[in-house]
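Please take a moment with the sequence and the model before reading on. The paragraphs below are meant as a guided walk for someone who has not met this structure before.

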Amino acid sequence: MKKKICLALLVSVFTSLSLFSQTVEDVNIKKLGPANLNYRKEAKRIAIADFQVNYQTALTLEDEKKGGKMWRGGIKGDAKASITVVLDGLNPDDLQTLTDQLYAEYVADLKAQGFEIAPIEELWNNKAYDKNREDRWELKAGNGPEQGKEFGVILTRPSTQKFVVARRTVDKEKGSPLSALADYETSTENKVINQKTGYIFNKVVLDVIVFENSQSELSRTLNRHAGSAQVKAETTFKISESSTNRFGMGTFFSKGGVEVADVMERQKFEAGQNADTDRLGTDMGVLRVWRVEDREKANFATVKCDPALYLKGAELGVGAFLRGTVQAMADKAN
């Protein structure tokens, strides 16, 4: 009986260790902004305008080569290849819970560095938001997972705090947010930053990705000359390089992103299609006729994930990114 109990304990310990054995790769924090930027003359108060976490759950890639006349005679048809990969196994409500946790840890880290969190009302009452305020902006907290700006992305904000959020207008024909949203959002934020206020404007945008385009530039070039359509994707797990933490005029990011090992099983996906060609044509007596078909190849794949591994990996990766960016900002403030 004792041997069985010991064996059960060993299995339990081994399972726990293997479940949370993910490791964060190097975090290389860089800054975009004035070379001499520092925050030493700024109030040690942070106004968090937004904190959004975008969880990628699907990716679609497409490549299309148009047909037409070929060099040295003949014609070719259109060639199109596409691939869609979808992540399966996540509960969106768990992503909301994780986002709340990440935000709480972020605020605690800022306070540990000596910063006060300014009430969101101070930012909301800034005159920069006065123009078309009711139509363009809203003060809201996260209300569960919602559709992101791109296909396959789940967007979350902390449910424990309100943020200044740009309203997303929708193109009724295409069913997608208008691109003009980003323009007025960025321009308004820049107006806030260029004012003298009693706080440092802050905006956090995090992109957690599990799929990425894996086709090399050389392969794209060769396919372009050959008239072939091809797409390639593979699994990964990282906080994308597109993730940013903006403090006033400085925007901090991680070069190459923040990769977390041992979260997703490495898998590769591919779809390719060669163009139909007719070099000689058919002699019809008084004329020659060329006939080609347009060809298309579409692949679809579902990737299973371990929810516990995913959530822990996201916690580790986002945590490392946020701590790194906060430290980089604090070094320029103290």
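What follows turns to aromatic rings, then to charges over rings, and then to pockets.

The model is a predicted one, and a search through the whole of it finds eight aromatic pairs. One of these brings together Phe 51 and Tyr 106, whose ring centres are 5.6 Å apart and whose planes stand at 45°, so the pair is tilted. Phe 51 belongs to strand β3 (residues 45-56) and Tyr 106 to helix α2 (residues 92-112), so that this pair links distant parts of the chain, 55 residues apart. Phe 51 has a relative accessibility of 0% and therefore counts as buried, and Tyr 106, with a relative accessible area of 2%, is buried as well.

Another pair is formed by Phe 237 and Tyr 310, with ring centres 5.2 Å apart and planes at 90°, which makes the pair edge-to-face because planes over 60 degrees apart count as such. Here too distant parts of the chain are linked, since Phe 237 lies in strand β16 (residues 229-239) and Tyr 310 in helix α7 (residues 307-331), 73 residues apart. Phe 237 is buried at a relative accessible area of 2%, and Tyr 310 counts as buried at 1%.

Returning to Phe 51 and Tyr 106, these two are also part of a cluster, in which ring pairs link them with Tyr 103 and Phe 163.

Rings also meet charged side chains in this model. The charged end of Lys 44 sits over the ring of Phe 115, 4.8 Å from the ring centre, while Arg 133 lies over the face of Trp 124, 4.6 Å from the centre of that ring.

How much space does the largest pocket hold? Its volume is about 860 Å³, and 36 residues line it, of which Gln 52, Asn 54, Lys 149, Val 205 and Asp 207 are the closest to its centre. Among the elements that give two or more residues to this lining are β3, which also carries Phe 51, as well as α5 (180-193) and β15 (200-213). By character, the lining of the largest pocket divides into 13 nonpolar, nine polar and 14 charged residues.

The second largest pocket contains about 310 Å³ of space. Its lining is made of 15 residues, with Glu 42, Ile 193, Gln 195, Gly 248 and Met 249 nearest its centre, and α5 and β15 each supply at least two residues of that lining. In the second largest pocket, the lining residues divide into nine nonpolar, four polar and two charged.

Note on methods: Residues numbered from 1 in each chain as written. Predicted model: local features only at pLDDT ≥ 70, side-chain atom pairs only at ≥ 80, totals over all residues. Heavy atoms only, no water. Phe/Tyr/Trp six-rings, centres within 6.5 Å; stacked < 30°, edge-to-face > 60°. Helix = DSSP H or I, 4+ residues; strand = E, 2+ residues; numbered from the N terminus. Buried < 20%, exposed > 50% of the residue type's maximum accessible area, 1.4 Å probe, protein only. Lys NZ or Arg CZ within 6 Å of the ring centre and 35° of its normal. 1 Å grid on protein atoms, 1.4 Å probe; cavity = no way out; pocket = protein on both sides within 12 Å on 5 of 7 lines; lining within 4 Å. Points joined across faces, edges and corners; volume = space filled by probe spheres on them. Nonpolar A, V, L, I, M, F, W, Y, C, P; charged D, E, K, R; others polar.
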